[in-house]
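Thanks for coming. I will go through one structure today, and I will keep to what can be read from the coordinates.

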Number of protein chains: 2
Amino acid sequence: MILKGCNRFQMIGLEAVAKLAQVSSATASRALSRPDKVALETRTRVLQAAEELGYQPNHLASGLRKGKSRTIGVIISDILNPGQAMLAKGIQDAAAKSDYTVFLFNSDEESDKERRALESLRGHMPQGLIVVPTPGAKTNLKLVPNLPTIELDRASGLKNAHTVMVDNIGGTTTAINHLIGLGHKRIAMIVGDFAISTAVERHQGYREALEHAGIPYREDLVLAGHHREDGGRTAAHKLLSKPLKQRPTALFVGNNEMTIGAVLATRALGLSIPEDISIVGFDDSRWAMTLHPALSVVSQPAYDLGYLACETLLGLLERHKPPNASSVRLATNFISRESTAPPRKT
Amino acid sequence: MILKGCNRFQMIGLEAVAKLAQVSSATASRALSRPDKVALETRTRVLQAAEELGYQPNHLASGLRKGKSRTIGVIISDILNPGQAMLAKGIQDAAAKSDYTVFLFNSDEESDKERRALESLRGHMPQGLIVVPTPGAKTNLKLVPNLPTIELDRASGLKNAHTVMVDNIGGTTTAINHLIGLGHKRIAMIVGDFAISTAVERHQGYREALEHAGIPYREDLVLAGHHREDGGRTAAHKLLSKPLKQRPTALFVGNNEMTIGAVLATRALGLSIPEDISIVGFDDSRWAMTLHPALSVVSQPAYDLGYLACETLLGLLERHKPPNASSVRLATNFISRESTAPPRKT
DNA sequence: GTGAAAGCGCTAACAA
DNA sequence: TTGTTAGCGCTTTCAC
């Protein structure tokens with residue numbers, strides 16, 4: 001035990017500050033965290049001492065004492081997905097503004113990883129949680145009862161949950177209406193996993209828009225792509241291999257990854273966008289913009305979504321009694337680029 | 001103080017486990033964290049009690065006591081950059097494997113944000129740090145002396161630093177040699193900020209490759225793009241607006257963001273890739289693949305880089321005396337796609 | 001192999 | 001307004 005403190009890189013404690021300022025450590029603590037409870041003169045002395053010594057509070061100690069830690073847990077589904085990364089950034093920025101620190105995890109859409117993340121998190125005593133729930137979240141979240149939680153981007157289905165999401169139905173109907181407006185009748189959709197609320201809602205939006213326009217819903221034009229590029233490719237391939245008369249003239253794809261697959265499948269089949277097939281994706285990204293032709297998309301305010309989720313959570317933490325379940329919906333924005341055009345005359 | 005424990009969502013402590021197992025809390029602690037110091041029979045009893053109560057250790061308490069917390073800090077430059085996101089993912093996965101938890105921060109390449117991140121981090125007593133250093137890191141890192149640190153992707157310039165980077169020089173010379181091999185003579189480069197080591201190294205690789213081939217280095221063919229899309233666009237515009245005889249026939253761009261700008265500038269000028277200009281970027285990404293024509297790039301093993309950095313750090317933490325500064329370089333991989341071709345005959 | 005007791009750094013009663 | 005004191009939950013001496 002020669003180098004006892006070698007692992008502690010922060011050794012100037014409140015005690016030291018208190019001594020230098022010639023007060024008790026209790027006063028020093030108060031001076032730093034509840035200024036109004038201390039004489040101005042004492043306060044300045046303490047602050048100066050703290051400054052001089054380069055004092056940094058030990059959050060582990062104060063967290064232990066207070067049962068709070070100025071940290072929040074964040075579980076997103078996949079940091080590599082630009083939309084999710086944007087969510088994370090919005091959260092980070094909002095958290096930093098209020099001096100909260102973020103524990104970040106990826107679930108990779110796996111319920112199991114989500115559970116493990118929650119287990120890790122638990123011991124660190126975060127004060128709140130923001131989660132993009134996997135299908136298993138309804139069960140997993142029981143691991144952290146009483147932990148104020150915001151569900152982001154989609155809903156786990158848990159009652160009394162606070163959610164921050166986009167208007168998936170509205171976003172989708174806008175996109176579909178755009179296609180209908182261009183004259184499309186055979187509009188296909190590649191949907192995600194119905195265990196995820198966004199997939200359900202986008203599908204619903206698609207259906208509603210068609211019905212509203214008096215276009216019958218056809219099951220054979222709706223294929224599942226399971227949220228992955230591969231799934232999107234396979235589904236698109238199947239849809240676009242139909243005989244010309246049955247082949248859809250427009251394709252709406254329910255998420256980012258699947259859209260890439262769909263575009264690649266289209267290219268592979270030698271079809272051109274938008275002449276042979278109009279395509280609209282959900283969620284904007286760099287590649288959607290730089291793609292040739294540039295992709296029309298329903299874009300989500302991902303940064304704002306993350307930022308708002310975090311602000312909502314921190315709001316919850318301030319008030320002692322969390323209000324009842326809240327549900328926020330942000331509007332999407334349809335961006336018309338080059339991947340949509342009227343169907344080819346037959 | 002009616003709902004005393006309402007903020008503590010984890011209330012089953014070691015004490016409770018100990019009582020159920022009919023041992024002292026000291027023994028319970030030992031049973032869980034140093035099994036060999038406890039009789040097998042006692043151990044199983046404790047484990048069972050812990051299981052039964054759903055005991056979860058409080059990392060705040062153990063961290064406080066031990067001066068360690070099973071957390072590491074990670075500061076990347078920008079989570080929205082796919083390469084950086086990939087680094088983060090590699091780190092996360094490696095950390096999770098060893099049951100470490102990650103505090104993630106973005107510096108956005110701003111020295112100031114980096115400093116603030118370090119300040120936040122400090123109080124949480126992370127056991128180590130992985131940082132993609134900003135130009136101010138040399139100063140900022142003094143905030144956390146004694147904190148085992150790995151510099152990732154680039155070097156701060158600090159002596160005795162542990163670094164995990166790619167072979168920027170080798171990667172660049174391969175790319176330039178490829179262009180030279182195609183017959184290019186006027187090869188331009190858009191460089192990054194020389195305050196960042198990768199920019200310096202890539203520039204050096206460019207220079208060396210040219211010299212090695214006997215092509216004179218021309219300052220007017222090297223422009224700074226400051227790492228941003230905008231900078232890339234401006235620089236490319238300037239380079240490609242030269243009279244045909246002086247205009248470069250190939251362009252090597254020093255990073256991701258700038259490459260987008262360069263490609264967009266090229267399109268805006270009505271030049272076609274690769275007929276009018278061959279372009280090679282540094283760092284692969286989804287948009288580079290889906291771009292039309294698909295972009296030839298020097299790709300980096302970003303996931304491995306992150307994973308390795310984290311493993312290196314955790315290795316450092318296990319051994320008590322960290323070894324001397326280490327420096328790891330991973331190889332890059334040149335991916336030839338459609339954006340490079342022989343120069344047009346004049 | 002086990003228990004009693006001290007204490008990590010901080011904050012919240014309670015007194016003064 | 002300030003100091004004294006008693007822990008937060010855990011680990012680690014030091015005895016036994």
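Sorted by class, the surface near DNA strand D has 10 nonpolar, eight polar and eight charged residues. Please keep in mind that this is a predicted model. In total, 26 residues surround DNA strand D, and the closest are A:T27, A:T42, A:R65, B:L14 and B:R65. Both protein chains are in that list, as you can hear from the letters.

Which part of DNA strand D faces the protein, sugar and phosphate or bases? Of the atoms of this strand within 4 Å of the protein, 64% belong to sugar or phosphate, and the rest belong to bases. Let me give some individual contacts. An N or O atom in the side chain of A:T42 is 2.3 Å from a phosphate oxygen of DNA strand D. On the other chain, B:S29 has a polar side-chain atom 2.8 Å from a phosphate oxygen of the strand. B:N58 uses its backbone: an N or O atom there lies 3.3 Å from a phosphate oxygen of DNA strand D.

Which helices supply this surface? α2 and α4 of chain A, together with α2 and α4 of chain B, each give at least two residues to the surface near DNA strand D.

Now DNA strand C. Here α2 (25–33) and α4 (59–66) of chain A, and α2 (25–33) and α4 (59–66) of chain B, each supply at least two residues of the nearby surface. There are 26 residues around DNA strand C, and A:L14, A:Y55, A:R65, B:T27 and B:T42 come nearest. By class, the surface near DNA strand C has 10 nonpolar, eight polar and eight charged residues. Sugar or phosphate accounts for 66% of the atoms of DNA strand C within 4 Å of the protein, with bases making up the rest.

Again, some contacts. A backbone N or O atom of A:L14 lies 2.4 Å from a phosphate oxygen of DNA strand C. A polar backbone atom of B:A39 is 2.8 Å from a phosphate oxygen of that strand. For B:T42, a polar side-chain atom lies 2.3 Å from a phosphate oxygen of DNA strand C.

Next, how the two protein chains are arranged. Chain A superposes on chain B by a rotation of 180 degrees with 0.1 Å of shift along the axis, and the RMSD is 0.1 Å. The two copies are thus related as by a two-fold rotation axis. Which residue of chain A has its C-alpha nearest that axis? That residue is A:W287, at 2.1 Å. As for the interface, 100% of the interface residues of chain A are also interface residues in chain B, so the copies meet through the same surface.

Last, a sheet in chain A. Six strands form an open sheet, in the order β7-β6-β8-β9-β10-β12, with mixed pairing. β7 (222–224) and β12 (333–335) stand at the edges with a single partner strand each, so one side of each has no neighbour in the sheet. Neighbouring strands are turned by 15 degrees against each other on average, ignoring direction.

Inside the sheet, β6 (residues 187–191) and β8 (residues 250–253) of chain A pair in the parallel sense over four bridges. In this pair A:M189 stands opposite A:F252. Helix α9 (residues 197–212) of chain A packs on the sheet and touches β6, β7 and β9 (278–282), and its direction makes about 165 degrees with that of β6. Helix α11 (residues 256–268) of chain A also packs on the sheet, touching β6, β8 and β9, at about 160 degrees to the direction of β9.

Conventions. Residues numbered from 1 in each chain as written. Chains lettered and ligands numbered in written order. Predicted model: local features only at pLDDT ≥ 70, side-chain atom pairs only at ≥ 80, totals over all residues. Heavy atoms only, no water. Least-squares fit on C-alpha atoms with pLDDT ≥ 70 in both. Contact = heavy atoms within 4.5 Å. Pairing = 2+ DSSP bridges. Axes fitted to C-alpha atoms, helices over the stretch in contact; angles between N-to-C directions. Near = heavy atom within 4 Å. Polar contact = N/O pair within 3.5 Å; in protein donor to acceptor, adjacent residues only side chain to side chain. Nonpolar A, V, L, I, M, F, W, Y, C, P; charged D, E, K, R; others polar.
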